[in-house]
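The following exercises are to be worked with the sequence and the model side by side. Each task is followed by a solution in steps.

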Amino acid sequence: MTVERKLGIWLALLALTGCLEQRNYHPNDCKKTECHRSSLYHESGQAPYTLGYIEMDDQGIFWDRSQFELIKRHAKQTTRDKDLLIYVYVHGWQHNASYDDSSVANFKRQLAKMSQTLDNNRRSLLGIYVGWCGRSVDIPILKHTTFWDRKSAAKRVADGSLIELFSYLNDLKNQTITDTKLVILGHSFGGKIVFTALNKLFSQQLVDSSNMDDATKEIGDLTILINPPLDALKYVNFHNIKDRYNHFLAIQKPTLAIFTSQNDWATKYAFPIGNILMRNFESNRYIKTKIGKESVLINQNIAARMAIGHFKPYISHDLIVSSNTVGMRKSREDISLDALRQWKRGMRTIHFSEAELIRRYEDVTRTPYLVVSVEPELIPNHNDFSGREFEGFLHEFIMMSISSPSIIETSSRISLSSSSVTDSLAD
């Protein structure tokens, strides 16, 4: 091979490596840019919310630490006067924090819909969009070849400043005098970033909760991963700790939910092919674990190759399209409260307005850690999870997971009181 050809191949490979356009899309200096592009944006009107941007460079370091400081000041001030729901979103592959990115638009729409459900006089909504260089090539054919390069970038982001952000938000939730809720959602490589950053903390919380007659501790209130390229072997230790240390009480709610589309080509096909090439020389063995109440052997080689959402032994739930249209006449708040009552009773199927969450193992109730296989009708592919049915379910699932027990009890007393009045009138 000639020197010229080697140089050409090297340059071509270099073009697919790293973030080609590193930039700060939401600076805070209004003298040099338009103020509406600041990293903290307030939406007023019938669906008010605040949207803050945290941007990371390709090494996982805060691009501009003032973005973080601005969010901290806003959150501290808000929690002095009102309850606060903090909703963090970490985007995935082929996305960034640019103004015209579809992930930004989808997150704004989610915030607006969630705000419409909240009592805005009592609770404020703060959305935090975590941007990193998930899109490094814009050439239509070549951009699909960056999957493994951006996987490495995701690992750097997970090990960087994001840990400080999550730690601060979790401390804020635990220390404020008002009722602060924290929900974290990661999509695609964003899901891998979130799990990698929080995995050790999740495991530690499990062990710390083992001797307490209380619900399992969590990071925030709920962590959601959608189509994460996360191999099942990364979940083995977490799964084993969960089954060894904990029994789950009626007050336990979901704290970690992993949703994967059955039609996700990236995690179903591209991910295992790449892992076969990269992990073929690792030593492996069979390990004993528990699935439901059965002891089974897990092949580490297979678990290392497959994404968690397609590894059958660890799938705990199915999410299917609901055939029940009666619930659609209720408000999303009422549906989420109904769903929480079903969850607390240990029902195998939890009914939402447009979807049903079905537990695979009859004897494992109220587990706070869900690995969910999702019908293509709800999530058709790797990137598209913004359809009406799944977005509606996601909204209700979040509201179910952050609802306070007192709300359920109050709602039940009201229903009982209404029934008593009706019975008295009938007599």
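**Exercise 1. The hairpin**

Which residue in β9 stands opposite Ile 287?

*Solution.* The model is a predicted one, in which local features need pLDDT of at least 70 and side-chain atom pairs count only at pLDDT 80 or more, while totals for chains, interfaces and linings use all residues. Residues are numbered from 1 along each chain as its sequence is written, and side-chain values use heavy atoms, with hydrogens and water left out.

Step 1. Locate the strands: β8 covers residues 286–291 and β9 covers residues 294–299. Strands (E, at least two residues) and helices (H or I, at least four) are DSSP runs, numbered from the N terminus.

Step 2. Establish the pairing, which requires that DSSP find at least two bridges between two strands. β8 and β9 pair in the antiparallel sense over 6 bridges.

Step 3. Read off the partner: Ile 298 in β9 stands opposite Ile 287.

Step 4. Inspect the turn. The two strands form a hairpin with 2 residues between them, and Gly 292 in the turn has a positive phi of about 65°.

**Exercise 2. The open sheet and strand β13**

Determine the strand order of the open sheet, and then describe the surroundings of β13.

*Solution.* Step 1. The open sheet has 11 strands, with mixed pairing, in the order β1-β2-β4-β3-β5-β6-β7-β13-β10-β12-β11. At its edges are β1 (40–43) and β11 (349–351), each of which pairs on one side only. On average, neighbouring strands of this sheet are turned by 20° against each other, direction ignored; the axes behind such angles are lines fitted to C-alpha atoms, for helices over the stretch in contact, and angles run from 0 to 180 degrees between N-to-C directions.

Step 2. Consider one neighbour of β13. Strand β7 (residues 256–261) pairs with β13 (residues 369–374) in the parallel sense over 6 bridges. Ile 258 stands opposite Val 371, and Thr 260 has Ser 373 as its bridge partner.

Step 3. Turn to β10, which pairs with β13 in the parallel sense over 3 bridges. Here Ser 373 is the bridge partner of Asp 318.

Step 4. Assess burial, where buried means under 20% relative accessible area, exposed over 50%, and partly exposed in between (1.4 Å probe, protein chains only). In β13, 6 of 6 residues are buried. Tyr 369, Val 371 and Ser 373 point one way from the strand, and Leu 370, Val 372 and Val 374 point the other way.

Step 5. Add a covering helix. Helix α11 (residues 388–402) lies across several strands, including β7, β10 and β13, and runs at about 160° to β6.

**Exercise 3. Helix α3**

Where do the buried residues of α3 lie around the axis?

*Solution.* Step 1. Check the span. Helix α3 (residues 102–117) has 16 residues and reaches 23 Å from its first C-alpha to its last, close to the 22 Å expected at 1.5 Å a residue. The expected span is 1.5 Å times one less than the number of residues.

Step 2. List the buried residues: Ser 103, Val 104, Phe 107, Gln 110, Leu 111, Met 114, Ser 115 and Thr 117.

Step 3. Place them. They cover an arc of only 145° around the axis, so they are on the same side of α3; the arc is that of the directions from the helix axis to the C-beta atoms. An α-helix has 3.6 residues a turn, so residues three or four places apart point the same way.

Step 4. Identify what they pack against: β2, β3, β4, α10 (332–344) and α11, where contact means heavy atoms within 4.5 Å.

Step 5. Examine the N-terminal end. Asp 101 caps α3 there, with a side-chain oxygen 2.8 Å from the backbone nitrogen of Ser 103. A polar contact is a pair of N or O atoms within 3.5 Å; within protein, one must be able to donate a hydrogen and the other to accept it, and residues adjacent in sequence count only if both atoms are side-chain atoms.

**Exercise 4. Residues in loops**

Is Ser 188 buried or exposed? Treat Asn 227 and Arg 366 in the like manner.

*Solution.* Step 1. Ser 188 lies in the loop between β5 and α6. Its phi is near 60°, a positive value in a residue other than glycine. Ser 188 counts as buried because its relative accessibility is 0%.

Step 2. Asn 227 lies in the loop between β6 and α7 (233–245). Although not a glycine, Asn 227 has a positive phi of about 50°. Asn 227 is likewise buried, at 0% relative accessibility.

Step 3. Arg 366 lies in the loop between β12 and β13 and is buried, with a relative accessible area of 17%. A polar atom of the Arg 366 side chain lies 2.9 Å from the backbone oxygen of Lys 344.
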